[in-house]
Structure formats: structure tokens, C-alpha cells
Amino acid sequence: MKQLTVNETQKIVGGVSWECLACPFKSANHVFTATASQRAYEHESRYGHYGKTRIR
């Protein structure tokens with residue numbers, strides 16, 4: 001079975017994004033859910049929007 005590159009994987013799965021419900025911020029697509037989750041956590045910590053982000 002062929003190993004897919006990150007770009008090929010993102011094209012197949014369409015990427016994962018997150019948005020903040022406390023402000024009008026929507027992220028770009030991330031390949032992995034874990035990366036999107038980490039970036040959302042960093043946003044919550046930086047701006048104090050705890051529990052206001054949603055992974056999509």
C-alpha cells in the first residue's frame with residue numbers, strides 16, 4: 001500500500017478546522033485533528049476564550 005503525503009491526505013479528507021464562538025475567528029484547514037485541537041487550545045489560553053472553540 002502506498003504511503004500518502006500530507007498534501008494528498010489533506011485533499012482526501014478535506015482538512016480539519018476550528019472556530020471560536022466568542023470572536024469571529026475561523027482557522028485554516030489542518031491535516032490532523034490533533035493539530036487543530038492544539039491551535040484551538042492555544043487560542044483559548046491566549047485570549048481567555050476557554051470552552052468557546054469548536055473543532056469542525
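**Figure 1. Overall view of the predicted model and its accessible surface**. The chain exposes an accessible surface of about 4,300 Å², and carbon and sulfur atoms contribute 53% of that area. Of the 56 residues in the chain, 25% are buried.

**Figure 2. Succession of secondary-structure elements in the chain**. The chain contains two helices and two strands, arranged from the N terminus in the order α-β-α-β. Among the contacts with a separation of 6 or more, 34% link residues 24 or more positions apart.

**Figure 3. Close-up of the largest nonpolar core**. Five residues form this core, namely Val16, Trp18, Cys20, Ala36 and Ala40. At least two of its residues come from strand E1 (18–20), and at least two from helix H2 (33–47). In soluble globular proteins, nonpolar side chains tend to be buried together.

**Figure 4. Surroundings of Ala40**. When neighbours within four places in sequence are set aside, Ala40 is in contact with Trp18, Thr53 and Ile55. Both Ala40 and Trp18 belong to the largest nonpolar core.

**Figure 5. The cysteines Cys20 and Cys23**. The closest cysteine sulfur to that of Cys20 lies in Cys23, at 3.7 Å. A disulfide is a covalent bond between the sulfur atoms of two cysteines. Because the cut-off for a disulfide is 2.5 Å, the 3.7 Å between the sulfur of Cys23 and that of Cys20 is too far for a bond. The number of disulfides is accordingly zero. Cys20 counts as buried, with a relative accessibility of 6%, whereas Cys23 is partly exposed, with a relative accessible area of 22%.

Definitions and conventions: Residues are numbered from 1 along each chain as its sequence is written. This is a predicted model: local features need pLDDT of at least 70, side-chain atom pairs count only at pLDDT 80 or more; totals for chains, interfaces and linings use all residues. Side-chain values use heavy atoms; hydrogens and water are left out. A nonpolar core is a set of buried Ala, Val, Leu, Ile, Met, Phe, Trp, Tyr and Cys residues joined through side-chain atoms within 4.5 Å. Buried means under 20% relative accessible area, exposed over 50%, partly exposed in between (1.4 Å probe, protein chains only). Helices (H or I, at least four residues) and strands (E, at least two) are DSSP runs, numbered from the N terminus. Contact means heavy atoms within 4.5 Å. Accessible areas come from the Shrake-Rupley method with a 1.4 Å probe; for residues, only the protein chains shown count as cover.
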